[in-house]
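User: Could you walk me through this model? I am new to reading structures, so please explain the terms as we go.

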Amino acid sequence: MEEVIVKGRVTLFVGLTQLINWGITFYLLGAFGQAIGRDLGWTQVMTYSGQTLSMGIMGLTSPFSGRILKHLGGKKMMASGIVLNATGCLLLAASQGPLSYWAAWVIMGAGMRLSLYDAAFAVLVDIAGPSARKSMTQVTLLGGLASVAFWPVGAWLLTVMGWRAGTVCYGLFALMSLLLLRCLPDKMSSPLTSGTQPTPSPCGLVDDSNRWSGWIYAALMALLSFLSTGISAHLPAMLAGFGVPVLIGTLWGVGQVSARLNDVFMGAKGSPLGLNMLVGGILPFCFVISLFSFHSTVSAALFVLSYGAANGLSTLVRATLPLVMFDKHQYADKLGTLLMPSFFLSALAPAIYASLLDAMGIYDTLLFSLSVSLIITVLSVALSFRERYRQVA
């Protein structure tokens, strides 16, 4: 069967949709959060409750994303998500109290699930199957620049016109990104015929042979998301507690983009299972370094840089592991179901980490993170060995 390659123009335009829509949703509160809290008289916990709610909505809508993709096609699915993102921004700009504020984030949560990485990856896999991996990596390079681009833009908009008008501009940015979807095909590729479709198993996976692999993958992604969201939410406070410059936190993005660039330069030829093992091996190393970061700028910088790299690679693991576990036509459905726990844990992670930091302090919280990373290592090894054995058998 001839390999299908995603056109460079498609990769570029899908990547730009990720840059814009990550910037105007996930990183919105990074630019406007404090101003929203001051204007409405809310605590930061109340302000950030909107984003927590949106991630919970992403988890609730995730199982339906595969069916939406099949029904609408990739272009219409992502367009629907972008319109929801724009609607959420406009409602947020008009909100005066908790109900309208939360409603805006509910709408954005659904929009984020239909327009961000996991939706984009499903569309690329639908176009090119397993050969979409290189395109996925390139898309994450642009998506990884969202905070770099939109935090300064948001800060400028906040200074010039305030958070409400700035959020309206964010909604307009989202609508402008609809033009980038014109390069996508209108319909999905031909689905498997009914005679060749595998019968789903009761647990929602394809069959008994990869049922346990699916559960391990779900647990692995949930714990990776939990660590990433919890650490990133409190990284500035942790760096301040280390007694080192908070600006070291910018190395997170450097490590993230550098790791993905390396994957691009290597031609994305490495096995997803090998990449999975690499992430599982790096994470404990990162948190061991973090324990020596108090009053050590070098150790703190190495921790942030290495964990940023591991986090950047984990996004690729999340996208590419299902390519070796499932058929192309099952990718969107299985990914939608198996990622549910990761969205829910991501929603809870900032609050859990805040409680841990208050109750135990930074050092013990990092020990807790090290323990979680060791569980991730075990799951990574277990999944890699199980999949290799299953494919040989």
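Analyst: What follows is a conversation about the helices, the buried residues and the aromatic pairs.

Analyst: This is a predicted model, in which local features need pLDDT of at least 70 and side-chain atom pairs count only at pLDDT 80 or more, while totals for chains, interfaces and linings use all residues. Residues are numbered from 1 along each chain as its sequence is written, and side-chain values use heavy atoms, with hydrogens and water left out.

User: OK, how many helices and strands are there in the chain?

Analyst: The chain has 15 helices and zero strands, where helices (H or I, at least four residues) and strands (E, at least two) are DSSP runs numbered from the N terminus.

User: And what share of the residues count as buried?

Analyst: Of the 393 residues of the chain, 55% count as buried, a word that stands for under 20% relative accessible area, with exposed meaning over 50% and partly exposed in between (1.4 Å probe, protein chains only). The chain exposes about 16,500 Å², and carbon and sulfur atoms supply 70% of that area, with accessible areas coming from the Shrake-Rupley method with a 1.4 Å probe, where for residues only the protein chains shown count as cover.

User: What about contacts between residues at least 6 apart in sequence?

Analyst: Among those contacts, 83% join residues at least 24 apart, and contact here means heavy atoms within 4.5 Å.

User: Let's pick a helix. What does α3 look like?

Analyst: Helix α3 covers residues 44-61, and its 18 residues reach 26 Å from the first C-alpha to the last, close to the 26 Å expected at 1.5 Å a residue; the expected span is 1.5 Å times one less than the number of residues. There is also a bend of about 25 degrees in α3 at Gly-50, the bend being the angle between axes fitted to the seven residues ending there and the seven starting there.

User: Which residues of α3 are buried?

Analyst: The buried residues in α3 include Met-46, Thr-47, Gly-50, Gln-51 and Ser-54.

User: What is Thr-47 in contact with?

Analyst: Leaving aside its neighbours within four places in sequence, Thr-47 is in contact with Leu-29, Gly-33, Ile-36, Gly-37, Trp-42 and Tyr-101. Thr-47 has a relative accessible area of 0%, so Thr-47 is buried.

User: Switching topic, why does Lys-75 count as buried?

Analyst: Lys-75 counts as buried because its relative accessibility is 19%. Lys-75 is found in helix α5, residues 74-94, and a polar atom of its side chain lies 3.2 Å from the backbone oxygen of Leu-184. A polar contact is a pair of N or O atoms within 3.5 Å; within protein, one must be able to donate a hydrogen and the other to accept it, and residues adjacent in sequence count only if both atoms are side-chain atoms.

User: How many aromatic pairs are there?

Analyst: The count comes to 20 aromatic pairs, where rings of Phe, Tyr and Trp (its six-membered ring) pair if their centres lie within 6.5 Å, and planes under 30 degrees apart count as stacked, over 60 as edge-to-face and the rest as tilted. One of them joins Phe-32 and Tyr-170 in a tilted arrangement, at 5.0 Å centre to centre with 50 degrees between the planes. This pair links distant parts of the chain, since Phe-32 is in helix α2 (residues 28-40) and Tyr-170 in helix α9, 138 residues apart. Phe-32 counts as buried at 0% relative accessibility, and Tyr-170 is buried with a relative accessible area of 0%.

User: Why is the pair of Phe-226 and Tyr-353 tilted?

Analyst: The planes of Phe-226 and Tyr-353 are at 50 degrees and the ring centres are 5.6 Å apart, so the pair is tilted. Phe-226 sits in helix α10 (residues 211-242) and Tyr-353 in helix α15 (residues 340-392), 127 residues apart, which again links distant parts of the chain. Both Phe-226 and Tyr-353 are buried.

User: Last one: is His-295 buried or exposed?

Analyst: His-295 is exposed, with a relative accessible area of 67%, and lies in the loop between α12 (272-290) and α13 (297-325). Its phi is near 60 degrees, a positive value in a residue other than glycine. Most residues other than glycine have a negative phi.
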